[in-house]
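User: I am new to this structure and would like a close look at a single part. Please keep the sentences short.

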Amino acid sequence: MEIIAAANYEEMSQMAATFLMHKVCNARKVTLGLATGGTPLGTYRRLVKYHQVEGISFQGVQTFNLDEYVGLGKMHPGSYHSYMETHLFRWIDIDPCQTHLPNGEAVDLKLECARYEELIRSRGGIDIQVLGIGSNGHIGFNEPGTPFDTRTHVVALADSTRRANARYFSGETDVPYQAITMGIGTILDSRQILLLASGIGKAAAIRHLIEGNKDRQFPASALLDHPDVTVIVDQSASN
Ligand code: GLP
């Protein structure tokens, strides 16, 4: 696991965008695994700039997002479909047929998980998976206690996660109770992983990740087994 220290959020975002652009520019086709939340926003802003200012094309890129809330339609402002449209997809020249997220409105959620898992596999797997980290160590929506070999599945969100994500809704009561998430096993299948962490609220989780041992109660520790993980942390997250 390579740990890269950035001075602040802006530098972390620039480093992450450069890291991803390097892949996008050097391969005819690339599959990115994408995350949501506040952490990757600055990275996405920079990817948009690479397209709009430097003319870099995303036509050879396909994407798979980590997760989606159960019960939220694509147009719901709190959905991750809507987040991705607002912050990245609508500003770049990516083919809309090449952007994938789980369907949180599927009638049969189990079937949807299997479909998503198979789609990732049949499209050649993920080249680089971008990850944030929850303060409880969750990756995607894999909460503490999740076995490390899980595939895409439905999860009940921890209270702390619902509270942390309430800022994207009109209040905590509006935050869904369930989500579909890639499993830890799905994430570990990615050829490369880029984990980003910013702010004092992530410092304990980053310390735990760097110093810790593999522990089911701390989902991010599953990454210790992966051969190609880069972690970019800003100063406040590395204290
Ligand atoms: C959510 C997402 C995760 C993300 C985490 C941290 O729970 N499902 O993928 O990593 O939040 O979010 P933030 O970057 O806003 O701290």
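Where is the place of Glu143? Please start there and work outwards.

Analyst: This is a predicted model. Glu143 has its place in the loop between strand 6 and strand 7. Glu143 counts as buried because 21 C-beta neighbours lie inside 10 Å; the cut-off for buried is 20 or more.

Now its contacts. Setting aside neighbours within four places in sequence, Glu143 is in contact with His138, Val155, Ala158, Thr161 and Pro219.

Take His138 from that list. His138 also sits in the loop between strand 6 (128-131) and strand 7 (153-156). His138 is buried too, because 26 other C-beta atoms lie within 10 Å. Not counting residues up to four places away in sequence, His138 touches Glu143, Thr161 and Pro219. Thr161 and Pro219 are therefore contacts of His138 and also of Glu143.

The UniProt record ties these residues together. An unreviewed entry there places the feature "active site" at Asp67, Asn136, His138 and Glu143. The record also has the feature "domain: Glucosamine/galactosamine-6-phosphate isomerase", again from an unreviewed entry, at residues 12-224. In the model, the end C-alpha atoms of residues 12-224 lie 21 Å apart. That span is 33% helix and 15% strand.

Next, the ligand. It is surrounded by 14 residues. The closest are Ala35, Gly37, Gly38, Thr39 and Gly132. By kind, the shell divides into four nonpolar residues, nine polar and one charged.

Look at the strands on either side of the loop. Start with strand 6. Ile128 and Val130 point one way from this strand. Gln129 and Leu131 point the other way. All four are buried.

Strand 6 pairs with two strands. Strand 2 and strand 6 pair in the parallel sense over two bridges. There, Gly33 has Gln129 in strand 6 as its bridge partner. Strand 6 and strand 9 are also parallel, with four bridges. Here the bridge partner of Leu131 is Leu195 in strand 9.

These pairings belong to a wider sheet. Strands of a sheet pair through backbone hydrogen bonds, either parallel or antiparallel. Here seven strands form an open sheet, with parallel pairing, in the order 1-10-9-6-2-3-5. Strand 1 (2-6) and strand 5 are the edge strands, and each pairs on one side only. Strand 9 (residues 192-197) also runs parallel to strand 10 (residues 229-234), joined by five bridges. Ile193 has Val229 in strand 10 as its bridge partner.

Now the other end of the loop, strand 7. Four bridges join strand 7 to strand 8, and the two run antiparallel. Ala156 stands opposite Gln178 in strand 8. Strand 8 (residues 178-181) also pairs with strand 4, in the antiparallel sense, over three bridges. In that pairing, Asp67 has Thr181 in strand 8 as its bridge partner. Asp67 is one of the residues in the "active site" feature of the UniProt record.

Strand 4 leads on to a helix. The buried residues of helix 3 pack against strand 2 (30-34), strand 3 (61-65), strand 4 (67-69) and strand 5 (99-100). In helix 3 (residues 80-87), the buried residues include Tyr80, His81, Tyr83 and Met84. These lie on the same side of helix 3 because they cover an arc of only 165° around the axis. There is a general rule behind such patterns. An α-helix has 3.6 residues a turn, so residues three or four places apart point the same way.

One more helix reaches back towards the loop. His208 is in helix 7 (residues 203-211). His208 counts as partly exposed because it has 18 C-beta neighbours inside 10 Å. Leaving out residues up to four places away in sequence, His208 touches Gly137 and Phe218. His208 and Ala197 are 11 residues apart in sequence, and their C-alpha atoms are 13 Å apart in space.

To recap the starting point, Glu143 is buried in the loop between strand 6 and strand 7, in contact with His138. The UniProt record places both residues in its "active site" feature.

Note on methods. Residues numbered from 1 in each chain as written. Predicted model: local features only at pLDDT ≥ 70, side-chain atom pairs only at ≥ 80, totals over all residues. Buried ≥ 20, exposed ≤ 12 C-beta atoms within 10 Å, placed from the backbone. Arc of directions from axis to C-beta. Contact = placed C-beta atoms within 7 Å. Near = placed C-beta within 6 Å. Nonpolar A, V, L, I, M, F, W, Y, C, P; charged D, E, K, R; others polar. UniProt positions renumbered as here; feature names shortened; annotations may be inferred. Pairing = 2+ DSSP bridges.
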